[in-house]
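Work through the exercises below with the sequence and the 3D structure in view. Each task is followed by its solution.

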Amino acid sequence: MAKAIPKKGSRGRIGSRKSTRKIPKGVIHIQASFNNTIVTVTDVRGRVVSWSSAGTCGFRGTRRGTPFAAQTAAGNAIRAVVDQGMQRAEVMIKGPGLGRDAALRAIRRSGILLTFVRDVTPMPHNGCRPPKKRRV
Amino acid sequence: MPQSIFTTNHHRSPPTTTAICCSLSTFLPSLPSSIRFPAAKFGYALMFSPYRSTNAARNRVVICMAKERRVKMVAKQIQRELSDMLLTDQVLQYAILPEAALGADRYLSSLTTISDVEVSSDLQVTSFPTSASSHTFLSPQVAIALELKTEDVKHGHLIFDARDLGEAKPARKLAGRIFEEEKQRLTRVVKVYVSVFGDERGKEVAISGLKSKAKYVRSQLGKRMKLRLTPEVRFIEDESLERGSRVRSYRILKNLHICC
C-alpha cells in the first residue's frame with residue numbers, strides 16, 4: 001500500500017530546517033590534548049551550536065597539536081556564533097595540551113567577553129586504573 | 001706518545017668502566033662558527049689518557065652522546081609529565097594559584113601551560129672520576145679543533161697523534177683544571193618554558209610559585225620517570241604564544257608551511 005503524502009501544514013516536515021536562534025551568552029568548551037584541539041560552542045544548557053577542531057581546519061599529523069592550529073580552530077568555531085549575536089561566553093578547558101592557552105587568546109581577541117574561565121579536566125577520585133606508564 | 005682513539009658507539013652501549021662520558025652538545029655552543037665538527041652527528045666515544053704508552057686501550061678520554069632522537073623523546077615525555085603535574089598535583093596548583101588553597105579554585109584567575117621543554121645537555125653521563133690520574137678530558141677548544149673525518153674511522157676506531165691537537169702542556173697537568181670545568185658543564189638542565197594567560201600579577205605569582213617549587217618538581221619528575229640522572233628544572237616565562245596570537249597574516253604562515 002502506498003504511503004500517503006502528508007498535506008501542507010501538517011505536523012511532519014519534509015527535509016530539515018536549520019534553526020537560527022539568537023544566543024547572547026554561551027559556553028565554549030576547549031578540549032586540548034597533546035595531538036589535537038577541539039573547540040565546541042554550546043548554549044548555557046549544553047546544546048551544541050557549532051564546533052571546530054584542528055583536524056577539520058586542514059591540519060594533519062603533528063601540526064594539529066600546535067598552538068597555531070588551536071588558534072585557527074577557535075577562530076573558526078567562534079566565527080559562526082558571533083554572527084548569531086553571542087557577546088559573552090564562559091570557557092571550560094579540558095586537557096593538558098598547548099591549545100589551552102592559544103585557543104583562549106584567540107577567543108579573547110575575537111571580541112567575545114570572557115565571563116569565566118574554568119578548568120574541567122576530569123579528575124578521578126581513584127577510580128579506573130590508568131593506562132601503563134610509557135617507557136622512554 | 002699519547003694517542004687518542006675514537007670509538008663509534010652508536011651500535012653498542014657505552015663502556016661501563018670508569019670511563020666518563022661528557023656531552024659533545026655542551027661543547028657546541030662555545031664553538032666559533034668557523035670550526036666545524038663533521039662527526040658530531042655520530043654517537044662516538046673519544047678516549048684520551050695522559051700516560052705515554054703505545055697501548056691504545058689506556059689512552060682514552062670518553063665523550064658519549066645520546067642520539068638526538070632519544071633526547072627529543074625524553075624532552076617530550078618530560079613535557080607530558082610536567083603538564084600532568086600541573087593539573088593533578090595539589091602542591092603545584094597551590095603554588096601557581098594561591099587562591100586555590102583557600103578553596104576558590106572553581107574560576108581561574110590565570111591559566112598556566114607548559115609550552116616547550118628543552119633538554120640542554122646529554123643524557124648519558126653516569127659518574128665523574130674520583131681522580132683524574134687515569135682519565136682526563138680534553139678542553140672543549142682542543143677537542144673541537146680536531147677535525148674528524150668519518151672516512152678515517154676504521155672498524156669503529158679513529159687513531160691520531162695527540163700532538164696534532166696542539167696541546168703544548170702535558171695532558172696530566174691539564175687534568176685537574178679541566179675536570180672541574182667539565183663537571184660544571186655536565187650538569188643536566190632542563191629549561192621549561194611556561195606560558196601564563198592572565199594579568200601581570202597572575203603571571204608574576206605563577207612564575208614565582210613555579211620557581212619556588214623547582215626542587216619539588218625535580219623530585220617528582222625523578223619518581224615518575226626512569227632517568228639515569230634527573231635533570232635540574234628551570235622555569236622560564238614564554239611570551240611566544242602571545243606574540244604568535246598577534247600574527248594575523250594567514251598568507252605569511254602559509255608560506256612558512258605552518259598551516260595547510
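**Exercise 1.** How many salt bridges are there between chain B and chain A?

*Solution.* Start with the rule: a salt bridge is a side-chain nitrogen of Lys or Arg within 4 Å of a carboxyl oxygen of Asp or Glu. Applied between chain B and chain A, the rule gives a count of 0.

This is a predicted model: local features need pLDDT of at least 70, side-chain atom pairs count only at pLDDT 80 or more, and totals for chains, interfaces and linings use all residues. Residues are numbered from 1 along each chain as its sequence is written, chains are lettered from A in the order in which they are written, and side-chain values use heavy atoms, without hydrogens and water.

**Exercise 2.** State the area buried between chain B and chain A, then describe the side of chain B.

*Solution.* Buried area is the accessible area (1.4 Å probe) that two parts lose on being put together, summed over both. Here the value is about 3100 Å², with 60% from carbon and sulfur atoms. By class, the side of chain B that touches chain A holds 15 nonpolar residues (Ala, Val, Leu, Ile, Met, Phe, Trp, Tyr, Cys and Pro), 8 charged (Asp, Glu, Lys and Arg) and 11 polar (the others, Gly among them).

**Exercise 3.** Give the secondary structure of chain A and its buried share.

*Solution.* Helices (H or I, at least four residues) and strands (E, at least two) are DSSP runs. Chain A has 2 helices and 5 strands, in the order β-β-β-α-β-α-β. Of its 136 residues, 40% are buried, meaning under 20% relative accessible area (1.4 Å probe, protein chains only).

Notes: Buried < 20%, exposed > 50% of the residue type's maximum accessible area, 1.4 Å probe, protein only.
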